[in-house]
Amino acid sequence: MTDLRLDIHGVGKSFGGLEVLRDLDLAVRPGEFAAVIGPSGSGKSTLFNLVSGLDTPSTGDLLIDGEPADLRSGQVAYMPQKDLLFPWRTVLDNTALGLEAQGVRRREARRRAGELFGVFGLDGFQGSYPFQLSGGMRQRAALLRTVVLERPVLLLDEPFGALDSLTRTEMQLWLADMWQRYRWTVVLVTHDIREAVLLADTVHVLSPRPGTVIERIQVPLPRPRGIDDLTEPAFAAAERHVLGTLQGRLIP
Amino acid sequence: MTDLRLDIHGVGKSFGGLEVLRDLDLAVRPGEFAAVIGPSGSGKSTLFNLVSGLDTPSTGDLLIDGEPADLRSGQVAYMPQKDLLFPWRTVLDNTALGLEAQGVRRREARRRAGELFGVFGLDGFQGSYPFQLSGGMRQRAALLRTVVLERPVLLLDEPFGALDSLTRTEMQLWLADMWQRYRWTVVLVTHDIREAVLLADTVHVLSPRPGTVIERIQVPLPRPRGIDDLTEPAFAAAERHVLGTLQGRLIP
Amino acid sequence: MAEHQGQEQQEQQRRQRRQRRRKTVRRALTAVWPPVVLLAVVIAGWQVYTSAAGVDPATLPSPARVVAQGWANRTDLWDNTVPTLQETVLGFGVSFVAAWLVAILLDFSPAARRGMYPLLVASQTIPIVAVAPLLIIWFGFGLLPKMLVVTLTTFFPLAANLAAGFASTDREAMRLLRSLGAGRLRIFRLVRVPSAMPYFFAGLRVSITYAVVGAVFAEYAGAEKGLGIYMQAQKSAFRTDLVFAAVAVTAGLSIALFGATYLLQRLVMPWERALTEEDRS
Amino acid sequence: MAEHQGQEQQEQQRRQRRQRRRKTVRRALTAVWPPVVLLAVVIAGWQVYTSAAGVDPATLPSPARVVAQGWANRTDLWDNTVPTLQETVLGFGVSFVAAWLVAILLDFSPAARRGMYPLLVASQTIPIVAVAPLLIIWFGFGLLPKMLVVTLTTFFPLAANLAAGFASTDREAMRLLRSLGAGRLRIFRLVRVPSAMPYFFAGLRVSITYAVVGAVFAEYAGAEKGLGIYMQAQKSAFRTDLVFAAVAVTAGLSIALFGATYLLQRLVMPWERALTEEDRS
Amino acid sequence: GGSSSSADGSGGATRVTLALDWTPNTNHTGIYVAQQLGWFKKAGIDLKIVPYGSTAPETLIANHKADFGISYQEGITTARAAGQDITSVYAVTQKTDVTVAVRANRTDISSPKDLDGKTYAGFGAPYEKPLLQKVIQNAGGKGDFKEVTLNTSAYAALYAGKADFAMPEPTWEGLEAKLTGKPLKNFQLSDYGFPAIYSTVIASSDQYLAKNPAIAKKFLAAVNKGYEYAADNPDKAADLLIKANKSVLTNTELVKESEQLLAKDYYRAADNSIGGQSKERWQAFADFEFKAGLLSDANGKKLTKAPDASTFFTTKFLPGQ
Ligand SMILES: Nc1ncnc2c1ncn2[C@@H]1O[C@H](COP(=O)(O)OP(=O)(O)OP(=O)(O)O)[C@@H](O)[C@H]1O
Ligand SMILES: Nc1ncnc2c1ncn2[C@@H]1O[C@H](COP(=O)(O)OP(=O)(O)OP(=O)(O)O)[C@@H](O)[C@H]1O
Ligand SMILES: Cc1ncc(C[n+]2csc(CCO)c2C)c(N)n1
Ligand SMILES: [Mg+2]
Ligand SMILES: [Mg+2]
């Protein structure tokens with residue numbers, strides 16, 4: 001079993017009387033890029049909270065490298081759905097927050113975060129405060145704060161939701177590129193089927209609440225992928241498969 | 001000129017040294033459905049703040065029915081990009097907030113907001129607090145709070161960004177239906193080209209910052225529109241036109 | 001095999017239920033015990049010290065003596081508690097209303113804020129000991145000057161915290177309401193007041209803690225009856241034990257009022273409770 | 001036509017610049033005038049009343065008399081201000097440090113919170129007037145008992161507000177930091193402390209307002225010198241005017257300290273300033 | 001003559017307020033005796049006794065917030081010089097009832113001159129320091145000592161050894177110290193060049209006296225009867241005083257002993273009269289204070305000529321006058 005980086009087994013989670021996840025299985029190999037897609041309210045963010053150790057499952061097990069998921073493992077970098085930028089920190093300080101939280105010295109943290117400002121289209125806003133950013137810029141800052149940690153497992157909850165298609169494609173390609181280079185294990189929650197297929201090795205489709213994995217779709221496209229893959233017939237086929245699963249189950 | 005509901009003329013806006021909007025023209029007829037699409041940080045939210053009267057332009061004029069845009073006109077219902085649900089109010093009370101803000105009595109406001117809970121997929125969560133909702137549910141609650149106002153002009157800043165494709169399509173069709181029925185004047189900011197084309201009469205494409213309208217694309221599809229229109233050749237053509245404008249200008 | 005699993009599940013459920021029950025009991029214990037234990041330790045140490053070192057009870061009476069003598073003089077104590085309590089309640093009531101009115105005024109009018117805030121602060125910086133004789137001269141020995149002192153001492157923490165609370169309102173929430181067409185009054189009621197609630201309660205706790213002390217203090221300037229006069233009389237009679245007994249009554253009243261703020265908070269801020277329960281579970 | 005437009009634009013720019021300048025001046029005026037005017041009105045009314053009604057200066061001296069006599073006795077006043085100021089600064093310094101330490105302790109340890117908070121509250125509910133003789137007997141007439149009184153009076157608003165501030169931290173921000181791998185200490189430093197800042201300043205303002213009064217008050221229990229002693233002596237000599245002069249000095253010191261909190265806030269919370277400037281523009 | 005009609009009861013009685021100078025003690029005996037035995041009521045007076053707070057009775061009287069109050073010659077002299085409306089109407093003690101005292105075990109102090117460099121626990125009155133300086137100087141010392149203002153805690157500080165000397169009353173604190181096993185050593189003011197003073201008096205204001213001469217007379221008649229009773233029946237008077245103040249006067253022995261001492265040496269003058277005051281004594285002390293530069297006017301300016309002390313008191317309202 002230890003050949004799995006992430007091993008989620010029979011996980012259920014309820015809030016009071018509300019059953020959110022039920023008997024969910026999900027396995028991710030080291031260096032694999034997984035996407036999770038599912039209806040709003042199906043428990044995707046809840047699942048991430050469990051994996052990151054912020055919350056505990058009602059039933060089942062979550063293992064990271066064979067160890068129970070725990071906050072202290074230091075394996076997981078989690079970008080939550082809300083940007084949660086701190087109003088009292090400048091954008092640069094906000095993006096350096098994760099490193100500082102791990103004990104990297106402030107100067108060094110700022111330097112490392114600062115290096116990514118160009119790629120993230122935030123140049124010139126280092127000294128601004130979050131309320132001075134647009135929605136998409138806030139999201140990019142939150143993503144920057146997460147990826148700069150360079151942790152082996154990356155949990156991204158709709159990182160590109162607030163971006164226009166062009167910026168989004170840029171960021172997606174950048175992520176694919178980084179993944180190719182560092183071979184992080186990535187789990188990406190998204191509502192964008194195209195995004196899931198473009199980036200992921202496996203797309204896990206969740207049912208409506210109580211959420212459980214109803215389909216696992218392998219994306220047969222070769223690596224490294226690029227913008228050209230969007231026009232491949234295999235791409236379109238995978239997209240249709242995911243859409244079909246989502247619709248088939250939702251509108252019986 | 002008074003045959004225009006919304007008449008934005010030569011508007012510019014700067015924050016300190018940062019020029020965000022420049023010489024922007026945008027006109028919307030009564031009962032028209034307009035979409036605004038543009039890169040992240042191009043000033044779309046800023047534009048909405050100007051139209052709703054929350055902020056004042058550095059140059060130019062914004063007229064609503066021939067009158068300068070003003071908070072007190074009571075013509076505009078604005079759904080900001082952030083959901084801004086109040087943590088101390090239950091979901092039902094949050095959705096009733098807009099009506100209460102206008103002076104509708106609490107009971108009546110709750111009744112009217114409550115009627116829409118089914119359509120918005122929020123049934124059963126009336127008594128929950130916002131932190132107990134998923135991201136998509138929060139967004140739907142924020143949208144509900146806005147549309148329940150039934151004001152003549154609706155400004156929607158990425159209302160469906162956090163929704164999965166199915167829920168999103170449902171909400172889009174609901175909105176199209178409502179628009180068909182009440183003939184509100186709608187301005188919709190979106191990053192989703194398909195959404196813009198499906199819903200809007202005119203798609204206004206913004207340039208990168210400083211934002212200005214670089215193209216106005218009329219969508220030639222007949223009304224009322226439905227899910228079947230997605231497969232129309234005219235639909236695909238319009239989509240391509242918008243995408244081309246966005247790309248053509250961005251990657252010269 | 002299936003049956004075996006069922007048994008296991010049942011066993012697990014039972015275990016969970018037991019754990020939860022144990023948790024509730026433990027939580028109740030941890031809430032009540034620490035202050036009681038700490039207080040007991042302090043009091044025991046004090047008792048041991050005074051008996052062992054043979055301290056003059058006029059310098060520092062033993063707790064046992066304080067309790068015994070306090071009990072023996074309970075009618076006197078009670079007679080003097082009633083007027084103090086009356087002053088406290090009335091004075092604090094006025095303060096409460098005034099703090100809200102003033103904080104609202106300050107919030108609505110920048111001119112009032114700029115003009116009145118410095119004077120409000122100044123009002124707090126007047127040592128009441130110095131003006132107490134004047135209060136007596138102006139208002140006599142009755143309830144009024146004591147009420148005024150209570151109001152003066154409790155007003156500021158409440159008003160200052162309320163003002164800070166109103167000011168802490170999220171800017172974007174304000175904008176939202178403005179865009180929804182709410183007027184200033186309605187914005188105030190719908191966002192500024194709820195936003196100020198945590199500050200309000202922080203201020204209320206500070207303020208209510210001073211209420212009884214303020215009344216006692218006012219009585220020192222001159223009164224016919226009350227715990228303050230009682231303490232002073234007993235002090236001059238070198239009955240430090242009875243002074244301590246009166247102090248204990250004062251503290252008891254204050255702590256009761258302080259505790260009441262938590263009950264009030266539960267009622268007024270139900271969402272906080274939902275959050276805390278979530279965190280606990 | 002193009003030239004015409006250019007002229008028009010220039011004209012407009014000039015107009016805007018002029019308007020902005022006028023706005024700045026107006027803002028400065030509106031910030032300074034209201035309290036000055038209000039104070040002037042109050043003082044003028046007081047002056048008129050005392051002269052017109054021919055009030056006995058021992059009952060209520062006129063402001064003119066207070067100023068004149070205060071100035072005539074300035075060396076005495078200053079001699080008595082120095083020790084009071086010393087007690088204030090030292091006592092408040094201790095209080096400040098203690099409030100942080102205790103609030104941090106309370107924040108980190110739920111057991112300490114449950115155990116100590118009630119005792120802290122109790123410590124505030126002890127009327128200092130009642131224990132003042134004991135303070136003298138225990139600690140003598142020196143600086144120490146006064147420092148203690150200042151510490152006791154200023155500690156609670158600060159500690160209580162800090163504790164409330166820490167507790168007000170956004171739950172999701174905490175979770176974020178936890179997920180980023182921050183330990184308790186780092187979470188504390190990175191979110192809880194900044195979140196508590198507005199509460200801290202609300203508490204600081206209440207607390208610092210009480211500092212000088214606390215020192216004056218402590219001197220009443222027993223001292224050689226100080227504004228409290230001076231007031232008492234002048235009161236016994238029926239020199240109400242000099243009592244008022246000393247009260248004015250006390251108020252002046254307090255208001256200066258109060259004003260300093262705003263400077264500190266500007267330094268410590270630069271983001272607030274960015275927000276306010278935004279709102280103004 | 002207590003046989004006057006008591007038909008008016010308390011409903012028609014005139015309210016009279018009296019402000020105390022200290023917690024109830026034997027200086028107040030006559031008042032409580034008259035109250036306990038119903039003599040005020042019989043005289044048509046509804047007496048309200050205001051306990052001692054931090055507002056001095058002199059202030060309350062001069063501002064007409066109290067009709068009468070317990071005071072002392074030094075206080076009234078200072079107040080009159082400063083233009084306050086206060087007049088002594090009745091002398092409770094005929095012999096100086098205040099001393100300079102140290103704890104008896106202070107072998108290092110055998111005369112006021114040894115008080116140089118020591119700490120005095122005082123009440124914050126302006127005359128204390130110069131008065132004590134005079135005493136020390138008259139005893140051959142420099143008059144250099146440290147003064148701390150302690151209010152009602154002065155004696156506690158003395159007993160606890162935190163202060164070296166204070167000015168207690170031998171009929172109260174002196175006995176109290178002895179009974180609690182910490183006896184004091186007294187230096188009599190008269191031994192160091194001080195004229196005798198009325199250290200406990202009842203005072204009123206000229207305004208009140210002018211408006212209510214009849215009531216003042218009736219009031220003082222009842223008070224006088226009370227002190228006569230105390231002078232003649234110290235033991236019974238002590239019981240009445242204790243009965244009226246059960247919660248503070250818990251040390252019966254102290255009250256009884258004090259009452260005996262007052263009856264023996266203080267209440268009555270050499271001619272056995274009670275309550276009277278002499279112009280000579282008032283003037284002698286006023287002259288003394290003036291010469292010592294202790295008297296200032298309302299603006300704090302030193303008086304340039306000795307005041308006429310005959311206006312500081314009146315015996316007009318005493319029974320039989
Ligand atoms: N703290 C909580 N208390 C109670 N219910 C909660 C809590 N958190 C989430 N839920 C409920 O759990 C369900 C799943 O929420 P979750 O946020 O995981 O959904 P999601 O799949 O991320 O949806 P979305 O795509 O809209 O973000 C929702 O119905 C929500 O109301
Ligand atoms: N209050 C402000 N102060 C300073 N700069 C601001 C402020 N508000 C917005 N901006 C800047 O204005 C630009 C446009 O912001 P805006 O929010 O209008 O963009 P947008 O088109 O809505 O982008 P997105 O699609 O990412 O939401 C951004 O560069 C932002 O940094
Ligand atoms: C019983 C009794 N003891 C002490 C005082 C205090 N006191 C205040 S003024 C004064 C005279 C000093 O010259 C004294 C002794 C009092 N009033 N009655
Ligand atoms: Mg989610
Ligand atoms: Mg935006």
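Select A:Thr167 to begin the tour of this predicted model. The residue is buried, with a relative accessible area of 12%. Displaying the backbone of chain A places A:Thr167 in helix H6, which spans residues 165-182. Which residues are in contact with A:Thr167, once neighbours within four places in sequence are left aside? They are A:Arg140 and B:Ser40. One partner thus belongs to chain A and the other to chain B.

**First stop: the magnesium ion of chain A**

Remain in chain A and select ligand 4, a magnesium ion. Its protein donors are A:Ser45, through atom OG, and A:Gln81, through atom OE1. Both lie 2.0 to 2.1 Å from the ion. Now colour chain A by secondary structure and locate the two donors. A:Ser45 is found in helix H1 (residues 44-51) of chain A, whereas A:Gln81 is in the loop between strand E6 (76-79) and helix H2 (91-95). The two residues are 36 residues apart, and the pair links distant parts of the chain.

Are these donors buried, partly exposed or exposed? A:Ser45 has a relative accessible area of 22% and is therefore partly exposed. A:Gln81, at 24%, is also partly exposed. The boundary for a buried residue is under 20% relative accessible area, so A:Thr167, at 12%, counts as buried.

**Second stop: the magnesium ion of chain B**

Move to chain B and select ligand 5, a magnesium ion. The ion is coordinated by B:Ser45 (OG) and B:Gln81 (OE1), at 2.0 to 2.2 Å. Why does this pair tie together separate parts of chain B? B:Ser45 lies in helix H1 (residues 44-51), while B:Gln81 lies in the loop between strand E6 (76-79) and helix H2 (91-95), so the parts that are joined stand 36 residues apart in sequence. Show the surface of chain B next. B:Ser45 is partly exposed, with a relative accessible area of 22%, and B:Gln81 is partly exposed at 24%.

**Third stop: chain C**

Hide the other chains and display chain C as a cartoon. How many helices and strands does chain C have? There are eleven helices and zero strands. Chain C has 281 residues, and 51% of them are buried. Consider next the contacts in chain C whose separation is 6 or more: residues 24 or more positions apart account for 72% of them.

**Fourth stop: where chains C and D meet**

Bring chain D back into view beside chain C. Among the eight pairs of chains that touch, chains C and D have the most contacts. The contact takes 60 residues from each of the two chains. The size of an interface is often given as the accessible area lost when the parts come together. For chain D and chain C the buried area is about 4900 Å², and carbon and sulfur atoms give 77% of it. Select D:Arg114, D:Thr125 and D:Arg171, the residues of chain D that lose the most area to chain C; together they make up 12% of what that side buries.

The count of salt bridges between chain D and chain C is zero, and three residue pairs are in polar contact. Several helices of chain D give two or more residues to this side, including helix H1 (2-53), helix H6 (143-167) and helix H10 (240-268). Helix H8 of chain D gives the most, with eleven residues. By class, the side of chain D that touches chain C has 43 nonpolar, eleven polar and six charged residues.

**Fifth stop: where chains E and D meet**

Keep chain D and add chain E. Here 26 residues of chain E are in contact with 25 residues of chain D. The two chains bury about 1900 Å² between them, 55% of it on carbon and sulfur atoms. Which residues form the one salt bridge across this interface? Select E:Lys146 and D:Glu224: their closest N and O atoms are 3.5 Å apart. The interface also has six residue pairs in polar contact.

Turn to the elements of chain E on this side. Helix H3 (57-62), strand E7 (146-149) and helix H6 (154-159) of chain E each supply at least two residues. Strand E7 of chain E provides the largest share, four residues. The side of chain E that touches chain D has eleven nonpolar, eleven polar and four charged residues.

**Last stop: chains that do not touch**

Finally, show chains A, B and E together. Chain A and chain E do not touch, and their nearest C-alpha atoms are 50 Å apart. Chain B and chain E likewise have no contact, with their closest C-alpha atoms 49 Å apart.

How values were computed:
Residues numbered from 1 in each chain as written. Chains lettered and ligands numbered in written order. Predicted model: local features only at pLDDT ≥ 70, side-chain atom pairs only at ≥ 80, totals over all residues. Heavy atoms only, no water. Contact = heavy atoms within 4.5 Å. Buried area = accessible area lost by both parts, 1.4 Å probe. Salt bridge = Lys/Arg side-chain N within 4 Å of Asp/Glu carboxyl O. Polar contact = N/O pair within 3.5 Å; in protein donor to acceptor, adjacent residues only side chain to side chain. Nonpolar A, V, L, I, M, F, W, Y, C, P; charged D, E, K, R; others polar. Donors = N, O, S within 2.8 Å, 3.2 Å for Na, K, Ca; no water. Buried < 20%, exposed > 50% of the residue type's maximum accessible area, 1.4 Å probe, protein only.
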